[in-house]
Amino acid sequence: MTTPSHAPSLHHASLYINRELSQLDFNFRVLAQAQDPAVPLLERLRFLCISCTNLDEFFEIRGGSVRHAQELGLPAAADGLAPATLLSRIHDRAAELVQAQYQCFYDELRPALAKEGIRLLQREQWTPEQSDWLRTHFRNEIMPVLSPLALDPAHPFPKILNKSLNVVVLLEGRDAFGREGHLAIVRAPRSLPRIIRLPDADGDGDACHDFVFLSSVLSAFVSELFPGMTVKGAHQFRVTRNSELIVDEDDVDNLALALRDELLGRGYLRAVRLEIDERCPPEIVRILLDNFELTENAVYRINGPVNLNRVVQVCDMVQRPDLRFRAFQPRMLREMDAMFDSIRQGDVLLHHPFDAFTPVLELIRQAAEDPSVLAIKQTLYRTGKDSPIVEQLVQAARNGKDVTVVVELRARFDEEANLGLADRLQDAGVQVVYGVVGYKTHAKMLLIVRREGELLRRYVHLGTGNYHSGTARAYTDFSLMTADPDIGNDVHLLFQQLSGLAAPLKLERLLQSPFTLHSGVLERIAREAAHAHAGKPARIIAKMNALNEPAVIRALYAASQAGVQIDLIVRGACALRPGIAGVSDNIRVRSVVGRFLEHHRVWWFGNDGTPDLFCSSADWLERNLLRRVETAFPILDPACARRVHREGLLNYLDDNQNAWELQADGRYAKCTPDEGKTPFSAQLSLLDDLYA
């Protein structure tokens, strides 16, 4: 196929969607789950809160980066949007999202919950008895831990913690020292629960399903903090701060110590967003903006609680299985008593959460106890609290195994937890490595060296997701356990490179960033284009969380122009623009958002009938392909490869219930069954066998 003469240059800004705006649009798809009456009610409430939490994280990371780029005068990205223009568009789009979130809560979820006897009460709905109980609760449980602070020359504006609940109070009158009261700040300590359950008529709090927000209680009784003064107004607010830790790794002697120092100040970094009660007078909003050094396009006026995401606590406080997703038991691997025997007989593939994560935990446990195991090496990025994996690695070290763990201290929002587990491992005699300076170690690898007779055999686990028992129940991921000698040697070389000093290595099976993964993807895309030019069938199907790497996008455009049929399943941000005449006519992009967070990365290249199939820890993002340690591993066993292709790719292309298609204008359209077609959900189809 020849490229039309009118097709734009593949570098033209019009061919790229802005990553930040695309990420915001993902949260509209999450919110759509909360708006869907077919989703169980408490799960709808949870999806609403997820969209709110995602928006918080967006401002903490992406919003902060854009504001930083504006201040430094950095150039626009591939999409051509200057940082100042982008900040304005972010504000407008985020404001739309916030409005939709509160509309969903007040117009849909709150009334529906009330019909089920779960009431989230506003102040005007409190009965006299409830008001009396809340006043007593305020005096006994809340007021003793509050420290209101008047704003005057002797009381400068206080430090406000990231995402904390605060109330700005307008006062009238004179205090005991004759000072005129005008303005005060009341900060709610994080020790106070943000959702308060009211007791029923018999005083039984656990049986009652009436709840109030802490913010409502503070506003209602804040006058008790200022005796003799008149409260003219009380307005809740919340400030979001940049949470990206910056450590000059080339200029520190001890990364762990430097990170500990940075973590102490994370809650007070540069402000990026102000959420405030929409009734707050403009002059007070201006005072807050000035103190936080924010401009008008950083303020969001809220009609309701500024910390709406905290209502997720209700999901855990109400025991109503009928309002939740149907429970299921994941498949358990047979013959788990002898994991090494099972893996030696053939590759073991697990598809989480439909397959239990237990075999992975059991493999590590057996390795820790098996006297034939000599060494265990593992990467840890996120593990969760009280991880059984960490305990087994500690036990392995105590049992005399040589245990090496690469702990990524810079895993965002898990830095403190990872510092703690690194200390725990080191105290037990585990050799802990903090990865490579300048490159986050995001690869998911486990290597076990076992003596079997006269030889040493390597057993490997590779995954698309973290070694985290919790997310393994909520995220879709693939795990591969194998004793393949080539893969085992590749993983051995990677650990050697991470823990020691080694030049770039030649790997037999794995692709590795920052060395061969990026070029490996580009080469395989180009190979499909060459097949298309030669008149052969050419096809690419790839699933990932996000896509923005310009060279990969240009390669996909060129392949589309050559006639390659390309299907991309991209859950979140996608900078590629499909459906452009002469450029991306042959590219289709869809996003699937459902009960489980889509997390596996799977790439399939048709290769003229001898396909390449890889699973990976990496998205097709600049950071993953160029600035992280990542792996992509082939699925060599034919039966396992067919299963990954079917369950991880084709299944999602057939979805017409939870899928959204990206249009050329950058908007997403919800997929619906064609006339005569049966509704089909990829995730539900994988659950069907577990319900049977």
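## A mixed open sheet

Six strands form an open sheet, and the pairing is mixed. The order across the sheet is β2-β4-β3-β7-β8-β9. The model is predicted. Strands β2 (149–150) and β9 (299–302) sit at the edges. Each has a single partner strand, so one side of each is left without a neighbour in the sheet.

Further in, strand β7 covers residues 230–241 and strand β8 covers residues 271–277. These two strands run antiparallel and are joined by 5 bridges. One residue pair to look for is R238 with its bridge partner E275 in β8. In a regular strand, side chains alternate between the two faces of the sheet.

## Strand β19 and its partners

Strand β19 (residues 539–544) is mostly covered. Of its 6 residues, 5 are buried. It pairs with strand β20 (residues 565–570) through 6 bridges, and the two run parallel. Within this pairing, K543 has I569 of β20 as its bridge partner. The chain gets from β19 to β20 by way of α15. This β-α-β crossover is right-handed.

Strand β19 also pairs with strand β23 (residues 601–605). Here the sense is antiparallel, over 4 bridges. I540 stands opposite F605 in β23. So β19 has a parallel pairing with β20 and an antiparallel pairing with β23, as judged by DSSP finding at least two bridges for each pair.

## Helices α14 and α15

The crossover helix α15 also meets a second helix. Helix α14 spans residues 517–533, and helix α15 spans residues 550–562. Their axes come within 8 Å and cross at roughly 10 degrees. That angle makes α14 roughly parallel to α15, because angles under 35 degrees count as roughly parallel.

From α14, the contact is made by H518, V521, L522, I525, A529, A532 and H533. From α15, the residues are A551, V552, A555, L556, A559 and A562. By class, the contact has 11 nonpolar and 2 polar residues. No charged residues take part in this contact.

## Helix α18 and its cover

Which residues of helix α18 (residues 682–691) are buried? They are A682, Q683, L686, L687, L690 and Y691.

What covers these buried residues includes strands and a helix. Among the strands are β10 (348–352), β17 (475–482) and β22 (597–598). The helix is α17 (638–653).

Note on methods:
Residues numbered from 1 in each chain as written. Predicted model: local features only at pLDDT ≥ 70, side-chain atom pairs only at ≥ 80, totals over all residues. Heavy atoms only, no water. Axes fitted to C-alpha atoms, helices over the stretch in contact; angles between N-to-C directions. Parallel < 35°, antiparallel > 145°, perpendicular 65-115°, else oblique. Contact = heavy atoms within 4.5 Å. Nonpolar A, V, L, I, M, F, W, Y, C, P; charged D, E, K, R; others polar. Buried < 20%, exposed > 50% of the residue type's maximum accessible area, 1.4 Å probe, protein only. Right-handed = clockwise from strand over helix to strand, strands pointing away.
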